[in-house]
Amino acid sequence: MSIRQGEISLPDDFRNTMSHLGSWYVPQGDASGFHDVYMPADQVAQYRESGQFPDGAVIVKELRHSASGAYTTGAGVSYATEMVKQTFVMIKDSQGRFSDSGNWGEGWGWALFKVGQKKNASMNYITDCLGCHIPAKQNDYVYTEGYPTLHAK
């Protein structure tokens, strides 16, 4: 992954190189499906020590389609499919490095990657990203209650 002149790229092979923080399941609507969230292991350790995201921390959220079926555990069991809907990336920026960019602000770099695209689809984090994160403003714009890996001792 690179952050060249404020442009955010999607980290390569993040599912295999980052720690899984936790998952959300949204049953209905445009954001329906499984939201799997990842962060590098060394940054998880830093968060556990301080309770804050270290400068440069990278959070990746992959939104996948879901399906359900009957299994030995019961009927209507939901699972994530291979089909990705979109992927989000946040990069902690406590130094305000790219304040002239439309995708950097509130202490983070913000990115949205649509399926099959390698370029950030977000043009402005305020209109494209921030709306979903406003309720978590008091927690540095991140819903950490859904990430048990950050709180494990």
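**Figure 1. L150, a buried leucine in helix 5.** L150 is buried in this predicted model, with a relative accessible area of 2%. The residue is found in helix 5, which covers residues 148–151. L150 touches L21, M39, V44, Y47, R48, F53 and T144, leaving aside residues up to four places away in sequence. L10 offers a second reference point for this view. L150 and L10 are 140 residues apart along the chain. Their C-alpha atoms are separated by 22 Å.

**Figure 2. The whole chain, for orientation.** The chain has five helices and eight strands. Read along the sequence, they follow the pattern β-β-α-β-β-α-β-β-β-β-α-α-α. The radius of gyration is 16 Å, close to the 15 Å that the globule rule gives for 153 residues, so the chain is as compact as a globular protein of that length. Along the principal axes, the C-alpha atoms fill a box of roughly 50 × 35 × 30 Å. Of the 153 residues, 39% are buried. The accessible surface comes to about 8,800 Å². Carbon and sulfur atoms account for 50% of that surface. Now take the contacts between residues at least 6 apart in sequence: 50% of them join residues at least 24 apart.

**Figure 3. D36, a buried aspartate without a salt bridge.** D36 is found in strand 4, residues 33–39. The residue is buried yet has no salt bridge. Which side chain of opposite charge is nearest to D36? It is R64, 4.6 Å away. A salt bridge needs a side-chain nitrogen of Lys or Arg within 4 Å of a carboxyl oxygen of Asp or Glu, so the 4.6 Å between D36 and R64 does not qualify. D36 does have a polar partner: a contact of 2.4 Å joins its side chain to that of S23. Leaving aside residues up to four places away in sequence, D36 touches H20, G22, S23, V60, K61, E62 and R64.

**Figure 4. K92, a buried lysine in strand 6.** K92 is found in strand 6, which spans residues 74–92. Is K92 buried or exposed? At 10% relative accessibility, K92 counts as buried, because the cut-off for buried is under 20%. The side chain of K92 makes a polar contact of 3.0 Å with the side chain of D140. Residues up to four places away in sequence aside, K92 touches F53, P54, D55, G56, A57, R97, G107, W108 and D140.

**Figure 5. D140, the polar partner of K92****.** D140 is found in the loop between helix 4 (130–133) and helix 5. The residue is partly exposed, with a relative accessible area of 23%. That value falls between the 20% cut-off for buried and the 50% cut-off for exposed. Look at the backbone too. Phi of D140 is near 60 degrees, a positive value in a residue other than glycine. Its side chain and that of K92 form the 3.0 Å polar contact.

**Figure 6. D13, a loop aspartate with positive phi****.** Where in the chain is D13 found? D13 is in the loop between strand 2 (7–8) and helix 1 (14–17). Phi of D13 is near 50 degrees, a positive value in a residue other than glycine. D13 has a relative accessible area of 47%, so it counts as partly exposed.

How values were computed:
Residues are numbered from 1 along each chain as its sequence is written. This is a predicted model: local features need pLDDT of at least 70, side-chain atom pairs count only at pLDDT 80 or more; totals for chains, interfaces and linings use all residues. Side-chain values use heavy atoms; hydrogens and water are left out. Helices (H or I, at least four residues) and strands (E, at least two) are DSSP runs, numbered from the N terminus. Buried means under 20% relative accessible area, exposed over 50%, partly exposed in between (1.4 Å probe, protein chains only). Lys and Arg count as positive and Asp and Glu as negative; His and the chain ends are not counted. A polar contact is a pair of N or O atoms within 3.5 Å; within protein, one must be able to donate a hydrogen and the other to accept it, and residues adjacent in sequence count only if both atoms are side-chain atoms. Contact means heavy atoms within 4.5 Å. The radius of gyration is taken over C-alpha atoms; the globule rule is 2.2 Å times the number of residues to the power 0.38. Accessible areas come from the Shrake-Rupley method with a 1.4 Å probe; for residues, only the protein chains shown count as cover.
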